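Work through these exercises with the sequence and the 3D view side by side. Try each task before you read its solution.

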Amino acid sequence: MASLAARLKSFGKRVIGQPEDPVPVVTVKDWVHNISKDPKRDVLNYLEGLFPIFGWISRYNFGWLYGDVVAGLTVGIVVVPQSMSYAQIATLPTQYGLYSAFVGVLLYCLFATSKDVSIGPVAVMSLTVSRIIATVNEHHPDVWPAPQIATTVAFICGFIVLAIGILRLGWLVEFIPAPAVSGFMTGSAINIVAGQVPGLLGESGFDTRAATYKVIINCFKYLPVTKLDAAFGLTGLFCLYAIRIACDYLTKRFPRRQRLFFFISVFRNAFVIIVLTIASWLYCRGHKSKSGKYPIKILMTVPRGFQHIGPPVIDRDLVAAMAGEIPVATIILLLEHIAISKSFGRLNGYKINPNQELIAIGVTNTIGTVFGAYPATGSFSRSALKSKSGVRTPAAGILTAIVVIVALYGLTPAFFWIPSAGLSAVVIHAVADLVASPRQVYSFWRVSPLEFVIWLAAVLVTVFSTIENGIYTSICASLALLLVRLAHPRGYFLGRVTLREERSSVIREVFVPLTQRPGILHPAVKVEPPPPGIVVYRFEESALYPNISLLNDALVDYVKANTRRGRDMSQVRMSDRPWNDPGPKPGHDENAENMAKPILQAIVLDFSGVSHIDTTAVQALIDTRTEVERWADKPVDFHFATILSPWIRRALVAGGFGTGASSSNAPTEIAPVVPYRGGRTLPEENKVSDVEAIEEISEDSQAPIVPEDTPYFHFDLISAVRAAEAGLSSTQTSARSSMHKPPAPSVASEASSSSSPSAV
């Protein structure tokens with residue numbers, strides 16, 4: 001039975017093509033073991049990571065408390081007028097902005113990994129909600145009220161983001177680069193500012209949610225019908241900027257009073273709203289018309305407290321009606337928050353967990369629907385304010401929530417007289433800072449002109465179309481650029497530069513591109529090409545199916561252009577030549593040019609920039625080996641340098657590389673689309689490894705750095721090139737010795753003449 005089992009096992013290996021004595025490589029078992037060495041501990045860490053508050057709350061102290069109280073109260077004073085203003089952008093009653101602000105700042109502190117971020121209503125998300133409400137009402141008029149539509153958006157988007165965070169898929173956000181985010185944020189900010197100008201001036205009679213350029217044109221057209229609201233709106237906007245500019249100047253003029261001027265600047269929103277509210281009350285109370293209208297637009301009655309607490313009403317028909325808008329809302333919800341939290345993490349020296357931040361947003365928006373809140377995410381302006389106020393922990397959100405509660409239950413009677421133009425001024429003042437500065441835009445151009453084009457496209461599409469189209473444009477353009485860069489990576493044929501350190505006799509060699517690259521090397525530096533017959537090439541990307549054909553084309557074309565063809569084609573009749581190689585023009589001596597070129601001996605591939613390789617790439621390398629050996633009419637050594645991934649080593653070994661075995665015994669197809677059972681005719685010549693003479697030994701263990709069963713895999717590029725040179729020297733030596741031997745048969749004499757030293 002044992003012998004039968006052994007025979008069956010051997011037969012199975014032959015069927016699938018497994019070698020009888022395989023080279024040891026990494027296995028799937030190793031990969032599974034590396035995923036988790038202690039699953040129980042990993043599960044506990046995952047559950048503990050869901051509530052980061054337990055990591056720091058036990059060490060809370062009075063020093064942290066002071067910073068959190070100051071920051072929490074400061075943000076609370078700002079968030080009240082801002083949240084009411086953003087609710088107006090969302091075409092919702094103002095109290096819904098306060099609901100979102102309360103839930104956002106209160107729940108976020110339980111799940112946050114950022115101390116600076118303040119969650120609540122934001123301008124871009126509010127504008128998106130208003131567009132969703134308008135779209136639903138356009139197709140289903142008067143079916144669902146606006147607050148129900150808004151809370152449904154919050155519940156669905158929050159649930160999606162929560163699932164992304166729990167499944168640890170936050171890395172998906174990394175596919176959207178900073179210029180794309182900045183582009184649609186800039187376009188959205190311009191869109192919001194343009195939409196608030198009519199409210200600032202009291203203009204009416206046109207659609208303020210049309211394309212941005214149309215709103216700007218209509219704002220100028222309707223200037224003659226500007227109302228008294230402009231007196232309140234323009235005055236408020238002027239005061240907001242005047243206070244900020246004055247405080248910035250005084251801070252530079254009197255640096256010792258910096259903190260005083262900072263808090264004066266912080267309170268400008270509340271100060272302007274209070275002054276405008278008092279002015280509105282003094283003017284409007286005596287100018288009420290007989291129909292009950294006031295001369296300017298004011299908020300009127302704001303309900304006290306939480307009027308809509310209860311389980312959210314999720315209508316399936318409503319979800320189906322807004323399904324097309326959910327992707328955009330979800331992208332804005334998570335993208336804006338992750339960008340802000342990462343930014344403040346870099347500024348203040350800590351690292352956020354993107355997956356945990358997504359969980360925080362998801363929980364906030366999902367539970368927020370119980371209070372009637374609409375979608376909330378991270379606010380850049382309030383987060384910057386929170387950071388500058390000296391916040392110490394996420395617990396500052398509790399103080400902000402207390403301020404919002406006080407406003408909801410104690411200040412709603414005063415909200416009656418707040419002029420809408422004043423809230424428009426607050427929105428314009430806050431959102432204008434989201435527009436990218438000229439310095440930032442120029443930085444995009446300096447770093448990557450293509451990414452600047454993406455930024456510009458996002459801005460223009462947002463301004464001349466919609467925010468949704470702007471987001472899709474920036475994302476699609478970014479992904480297209482990523483695919484182009486992946487499919488067309490850089491690759492260089494390398495030469496050698498010998499360096500001598502000053503005040504030292506140490507000499508070292510480096511390999512740089514043979515072709516001069518502007519700004520990389522000094523023009524006076526001369527790059528020495530590799531010895532004749534050796535090709536050194538560096539591929540600067542993972543070897544994957546979209547790009548591997550470039551490596552194949554580059555190597556094969558270079559070999560055919562710069563090395564000798566092994567077969568004398570001048571002796572081949574025209575009728576026997578292939579159609580794609582018809583031969584030279586009449587009078588052209590093809591053989592003379594060919595004999596002037598060196599014989600190809602080895603190809604050295606620098607894999608230091610290759611982190612992954614797939615089946616198609618291995619097949620392309622096999623095809624490359626087949627083509628260059630057919631051209632040289634002899635076996636060619638393939639050396640690989642700097643293979644640091646065991647999976648790349650495994651894949652190359654499967655393709656017959658690295659072991660030094662004859663290429664005639666290596667597979668010709670590892671990924672055939674349609675199996676072809678023919679063979680190939682190449683001279684069978686057993687290759688012998690020539691790398692022992694320069695084998696590098698580890699100083700600690702006195703063992704080779706790379707495994708001995710793969711002598712054509714090298715730890716660095718220098719050792720790979722030296723091994724190729726050693727093989728070249730041994731070939732030349734054997735060629736010289738063969739010249740003194742008796743003549744061999746015709747095939748052997750051709751091979752001997754093709755490798756004569758004079759050709760090299």
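**Exercise 1. Trace the sheet and find its edges.**

Step 1. Six strands make up an open sheet, ordered β4-β3-β5-β6-β7-β8, with mixed pairing. Strands here are DSSP runs of E with at least two residues, and helices are runs of H or I with at least four, both numbered from the N terminus. Two strands pair if DSSP finds at least two bridges between them.

Step 2. Look for strands that pair on one side only: these edge strands are β4 (507-513) and β8 (713-714).

Step 3. Recall the general rule. Strands of a sheet pair through backbone hydrogen bonds, either parallel or antiparallel.

Before going on, note the ground rules. This is a predicted model, with residues numbered from 1 along each chain as its sequence is written, local features needing pLDDT of at least 70, side-chain atom pairs counting only at pLDDT 80 or more, and totals for chains, interfaces and linings using all residues. Side-chain values use heavy atoms, leaving out hydrogens and water.

**Exercise 2. Work out the sense of three strand pairings.**

Step 1. Start with β3 and β4: seven bridges join them in the antiparallel sense. L499 is opposite R508 of β4. Six residues lie between the strands of this hairpin, and R503 has a positive phi near 60°.

Step 2. Move to β3 (residues 491-500) and β5 (residues 534-539). They are antiparallel too, over three bridges. Y492 has R538 in β5 as its bridge partner.

Step 3. Finish with β7 (residues 637-641) and β8. These run parallel and are joined by two bridges. F640 has F713 in β8 as its bridge partner.

**Exercise 3. Place a helix against the sheet.**

Step 1. Find α25 (residues 615-632), which lies across β6 (602-606) and β7.

Step 2. Read the angle. Helix α25 runs at about 145° to β7. Axes are lines fitted to C-alpha atoms, for helices over the stretch in contact (heavy atoms within 4.5 Å). Angles run from 0 to 180 degrees between N-to-C directions.

**Exercise 4. Is Q82 buried or exposed?**

Step 1. Locate Q82 in helix α4 (residues 62-89).

Step 2. Apply the cut-offs: buried is under 20% relative accessible area, exposed is over 50%, and partly exposed is in between (1.4 Å probe, protein chains only). Q82 counts as buried because its relative accessibility is 3%.

Step 3. List the contacts. Beyond neighbours within four places in sequence, Q82 touches N269, S381, R382, V426 and A430.

**Exercise 5. Describe the ring pair of F51 and F54.**

Step 1. Use the rule: rings of Phe, Tyr and Trp (its six-membered ring) pair if their centres lie within 6.5 Å; planes under 30 degrees apart are stacked, over 60 edge-to-face, and the rest tilted. The count is 27 aromatic pairs.

Step 2. F51 and F54 lie 6.0 Å centre to centre with 55° between the planes, a tilted pair.

Step 3. Check accessibility. F51 is partly exposed at 36%, whereas F54 is exposed at 63%.

**Exercise 6. Decide where to read with care.**

Step 1. Take the mean pLDDT (the predictor's confidence in each residue, from 0 to 100). The mean is 85, and 89% of residues reach 70 or more.

Step 2. Mark the weak stretches. Residues 679-694 have pLDDT below 50, and so do residues 738-760.

Step 3. Draw the lesson. Where pLDDT is low, the predicted coordinates should not be read in detail.
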